[in-house]
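Please look at how the parts of this chain are arranged, and then follow the account below, which turns to one meeting of two parts.

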There are 2 protein chains.
Amino acid sequence: MGFPSDLTIARDAALTPPQEIAEQMGIGSHLLEPYGESVTKVKLEAADELAHRPRARYVVVTAVTPTPLGEGKTTVTVGLGQGLNRIGKTATIAVRQPSMGPTFGIKGGAAGGGYSQVVPMETLNLHLTGDMHAVTAAHNLLSAMVDNHLHHGNQLGLDPHNITWRRVLDVNDRALRNIVVGLGSRADGIPRQTGFDITAASEVMALLALATSRADLRAKLGRIVVGYTREGDPVTAEQLDAAGSMAVLLREALKPNLLQTLENTPVLVHTGPFGNIATGNSSIVADQIGLRSGDFLVTEAGFGADMGAERFFNIKCRLSGESPDAAVVVATVRALKTHSGKYTVVAGKPLPEEMLAENPDDVHAGADNLRKQIENCRIHGVSPIVAINAFPGDHPSEHDAIREIAADAGARSALCTGFTDGGAGMTELAEAVDAAAAEDSSYAPLYPDHATLREKIETVASRVYGADGVDYSSQASSQLDAYEKAGFGQLPVCIAKTHLSISSDPSLRGAPTGWRLPVREVRASAGAGFVYPICGEMRTMPGLGAQPAATRIDIDEHGEITGLG
Amino acid sequence: MGFPSDLTIARDAALTPPQEIAEQMGIGSHLLEPYGESVTKVKLEAADELAHRPRARYVVVTAVTPTPLGEGKTTVTVGLGQGLNRIGKTATIAVRQPSMGPTFGIKGGAAGGGYSQVVPMETLNLHLTGDMHAVTAAHNLLSAMVDNHLHHGNQLGLDPHNITWRRVLDVNDRALRNIVVGLGSRADGIPRQTGFDITAASEVMALLALATSRADLRAKLGRIVVGYTREGDPVTAEQLDAAGSMAVLLREALKPNLLQTLENTPVLVHTGPFGNIATGNSSIVADQIGLRSGDFLVTEAGFGADMGAERFFNIKCRLSGESPDAAVVVATVRALKTHSGKYTVVAGKPLPEEMLAENPDDVHAGADNLRKQIENCRIHGVSPIVAINAFPGDHPSEHDAIREIAADAGARSALCTGFTDGGAGMTELAEAVDAAAAEDSSYAPLYPDHATLREKIETVASRVYGADGVDYSSQASSQLDAYEKAGFGQLPVCIAKTHLSISSDPSLRGAPTGWRLPVREVRASAGAGFVYPICGEMRTMPGLGAQPAATRIDIDEHGEITGLG
């Protein structure tokens with residue numbers, strides 16, 4: 001008998017009715033909108049009604065720079081929530097909604113793993129309450145209105161060669177990356193080149209995650225820039241009279257979804273912005289509710305601490321006004337061994353044989369990455385706790401090596417076996433988080449609003465990435481000048497770079513030094529409220545493999561799904 | 001004080017909790033999956049649990065050939081359900097889900113009008129429970145897998161120039177009608193020309209409406225033909241291993257949605273297939289449930305009796321095995337005046353001034369169309385009842401003219417004022433329907449399964465459309481031969497022609513004679529289970545106007561929608 005599959009474990013879960021989960025959070029049933037039997041939306045009024053309640057400790061879960069296999073950050077996030085329950089604390093978890101494209105591509109779907117999962121798993125991975133689809137619909141309505149504007153005379157003077165607004169679908173479809181639209185007859189629009197991104201890469205998704213209220217959502221939508229005139233002036237969704245309808249399409253999607261863990265810990269699942277060209281964090285609205293619903297709110301930030309956590313500190317918390325109390329840095333033996341530079345891990349393939357041998361020295365050889373990511377929490381004034389996420393085949397001496405690295409860096413650490421043991425395997429981390437969060441936090445974003453865009457980029461590059469400096473292409477330079485002139489200079493920056501290295505070179509392991517950050521191009525998500533310099537190739541529409549997960553997923557006549565996860 | 005807007009009336013409605021609506025239908029709460037506060041899905045198990053209950057009378061609502069403005073068929077359908085309640089009968093209504101594309105295009109959204117509407121109106125017109133989006137997702141997953149198959153070596157030998165499967169989105173976007181995908185580098189797929197249709201035109205939508213069970217849905221999905229090899233052999237979704245995942249994506253969408261009228265009559269809203277290239281009828285699954293839920297099931301078929309009702313009789317009822325008991329033919333003064341040939345009605349413009357004068361002779365001059373549509377019900381063995389849908393500005397003498405035409409044709413008739421009076425204005429029709437449905441029905445489809453495709457086309461053309469014969473292009477002829485050879489010969493036919501004339505020429509009014517049906521091309525919806533000959537230009541992706549409804553729709557800070565409907 002092997003260890004059961006995620007789907008088997010998830011299906012055996014004893015779910016508590018969502019009304020009871022909400023009740024635990026202090027949210028009455030008048031604030032709920034049930035969707036099916038096991039999920040409910042929470043009305044936005046909940047944040048106001050809960051405002052008098054004590055504020056939860058706010059814990060962000062981040063990681064070392066991951067291997068292409070991922071280091072189980074969601075599993076630790078979910079497990080930590082369960083672990084806090086085990087030590088007598090109430091906790092809410094906030095995570096992003098999985099994208100359906102990868103579910104049918106490589107992953108088969110999941111949120112967490114083993115005995116630390118969000119359930120119901122099928123609902124979570126398939127449509128959920130339709131928020132992703134609402135983002136798709138709102139985004140593509142604007143796209144249609146852009147092309148319709150060209151077709152009906154282009155009164156705003158949009159330059160057809162400088163339209164930056166593309167289309168989106170939640171599917172892995174490489175053939176849609178670069179397309180020509182508007183072919184056919186005169187009645188079929190104006191031909192031009194454009195393309196589709198996956199919905200998670202939509203600025204509408206980024207915007208939904210950063211909206212602080214319904215009014216703020218409406219205003220942000222209006223500020224979306226769809227392209228530029230021949231004179232270089234931005235043209236907005238408001239000018240196209242599209243923002244009102246987009247807000248209408250997002251009316252339900254702005255409400256967070258309440259699910260639960262296998263151990264019935266409340267989980268707010270909401271929004272799913274990309275982690276490279278966007279923030280990679282779940283929504284501000286969900287956190288507003290979760291922060292008044294118990295002793296702890298545990299939220300996850302995408303990729304390593306240089307990526308999602310940096311945006312959490314400098315974009316999300318800046319906009320929400322909330323201060324985090326602790327940061328969990330997930331580390332694994334396999335990630336640190338990889339950061340030694342001796343091994344190459346490839347997605348979809350087993351680990352190299354030699355990585356499986358007991359070798360704490362290899363772990364120590366990769367310590368620089370962990371040390372730097374610990375520092376990346378500290379420079380924002382937040383206490384780091386190292387979560388050692390145990391994998392089968394790890395050796396105790398290797399776990400000890402990680403403990404030593406953490407201790408040398410002055411950080412707490414805890415061994416996590418939430419995958420195999422659920423919350424019972426997470427109490428050491430829960431205790432460490434409880435202790436760290438009780439200390440005074442001195443959270444502050446790394447740069448002020450009034451710094452120039454170049455100063456902001458250079459601050460993140462030097463202090464978070466460890467770069468010696470920043471090199472701007474001439475295109476990037478003129479774009480930055482234009483954005484400053486257009487009034488986007490006060491926005492924070494979201495640097496789009498690889499998540500596989502702290503540097504912008506995905507092949508560099510550890511904590512690279514002696515390099516400069518090359519900014520090729522700079523784009524503005526004026527609606528979402530950030531500027532994103534692009535350093536390297538950012539793929540915004542995945543493809544499918546030769547044997548995608550979709551070929552193995554099926555359903556029987558009773559409606560039971562097979563092959564998912 | 002003018003007559004209140006549809007949205008104002010809808011918002012003032014006193015909704016009954018969906019659990020109580022279901023209770024009226026004999027459906028217990030264990031068979032419900034609530035979605036938000038005012039809508040619930042009904043589980044498929046409901047049909048089995050209700051099987052012992054008496055069968056409802058099955059009434060289809062169809063119409064004369066409509067003007068481009070529409071003749072209020074949904075208003076009559078909804079009003080009839082309410083009217084049946086007023087005369088002491090229990091009734092369920094079954095209608096299609098509105099498409100969001102037109103909601104943001106020309107219409108602003110609606111289902112029915114005045115005091116005969118389906119509510120909640122906003123939910124109905126915006127996402128509902130996400131079924132349309134699920135169809136979009138399932139359709140486009142297959143599209144991605146088709147292009148992925150080409151990219152990864154094309155083992156099945158698909159001819160890239162003979163791929164018939166396109167993509168879909170629920171948006172009016174003319175620029176997507178004809179596109180080239182797969183541009184960019186080698187990693188970005190194989191370039192080829194294709195396009196997007198609106199989701200309502202998806203074969204997946206047609207198939208969902210015609211599925212009789214979960215297993216049937218799965219089998220139908222597998223039979224979808226995506227294209228042909230160079231040898232002309234069909235390649236299916238099953239061969240691409242895509243059908244299982246598509247069925248998984250449609251798991252919730254197969255369950256009908258329960259809403260209500262302004263007077264709390266139950267309304268099953270489910271699926272939304274196009275009325276020209278598909279059946280234009282709501283789902284078999286919804287009818288299976290509605291037929292065991294009261295005294296009457298009132299369902300609507302798209303466009304005139306030559307269109308939706310013909311498919312209802314020859315495709316939907318053939319596949320479901322259910323027999324209709326009566327057919328309501330909606331007629332209006334303005335439609336019959338138009339069929340006199342003296343007036344031209346244009347969408348989006350007011351009626352010509354001279355059409356508003358009292359002129360019963362003009363109504364009589366357009367009688368041929370009504371007579372033929374009455375006959376089109378009778379040739380299927382079903383009793384017709386003419387519903388005179390009153391409009392402001394109609395004259396009583398003109399209503400009398402319609403009554404005379406109906407009486408001369410041996411059909412019952414009733415004046416309907418459901419728009420202004422709700423169910424109270426529909427009791428005359430309800431009584432007439434009750435009387436007609438109590439008579440013995442001799443329903444039978446017009447042709448047997450074993451007739452050839454040409455025999456089927458010619459039967460519908462001569463008996464329903466009144467054509468002198470059928471002319472096949474050489475392309476159509478060879479396609480028919482190929483489909484017979486491929487085993488599609490036993491399928492019914494769904495003739496795609498204009499809905500603005502009983503003939504294939506949209507400019508011909510009344511009941512045209514002395515013409516032949518030109519079949520330009522024939523396509524197979526092998527998954528949905530019909531072959532569709534194409535007679536004329538069929539637009540499967542609408543565009544937006546110069547001032548689309550989307551520019552007027554907005555939301556306030558309390559979440560209230562403005563400008564919809």
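In this predicted model, the interface of domain 2 of chain A and domain 3 of chain A holds three residue pairs in polar contact, both residues of each pair being at pLDDT 80 or more. The side of domain 2 of chain A that touches domain 3 of chain A draws at least two residues from each of three elements of chain A, namely the helices α8 (203-210) and α9 (214-223) and the strand β12 (225-229). Of these, α8(A) gives the most to that side, with four residues. By class, the residues on that side of domain 2 of chain A comprise six nonpolar and three charged ones, with no polar ones. Although charged residues are present there, the count of salt bridges between domain 2 of chain A and domain 3 of chain A is zero.

To place this interface in the chain, one may turn to the domain assignment, which divides chain A into domain 1 (6-130 + 253-438), domain 2 (131-238) and domain 3 (453-534). The centres of domain 2 of chain A and domain 3 of chain A, taken over C-alpha atoms, are 24 Å apart, and nine residues of domain 2 of chain A are in contact with eight residues of domain 3 of chain A.

Between them, domain 2 of chain A and domain 3 of chain A bury about 640 Å², of which 61% lies on carbon and sulfur atoms. On the side of domain 2 of chain A, 48% of the area buried against domain 3 of chain A is supplied by A:Glu203, A:Leu210 and A:Tyr228, more than by any other three residues.

Definitions and conventions. Residues are numbered from 1 along each chain as its sequence is written. Chains are lettered from A and ligands numbered from 1 in the order in which they are written. This is a predicted model: local features need pLDDT of at least 70, side-chain atom pairs count only at pLDDT 80 or more; totals for chains, interfaces and linings use all residues. Side-chain values use heavy atoms; hydrogens and water are left out. Domain bounds come from an automatic or database domain assignment. Contact means heavy atoms within 4.5 Å. Buried area is the accessible area (1.4 Å probe) that two parts lose on being put together, summed over both. A salt bridge is a side-chain nitrogen of Lys or Arg within 4 Å of a carboxyl oxygen of Asp or Glu. A polar contact is a pair of N or O atoms within 3.5 Å; within protein, one must be able to donate a hydrogen and the other to accept it, and residues adjacent in sequence count only if both atoms are side-chain atoms. Ala, Val, Leu, Ile, Met, Phe, Trp, Tyr, Cys and Pro count as nonpolar, Asp, Glu, Lys and Arg as charged, and the others, Gly among them, as polar.
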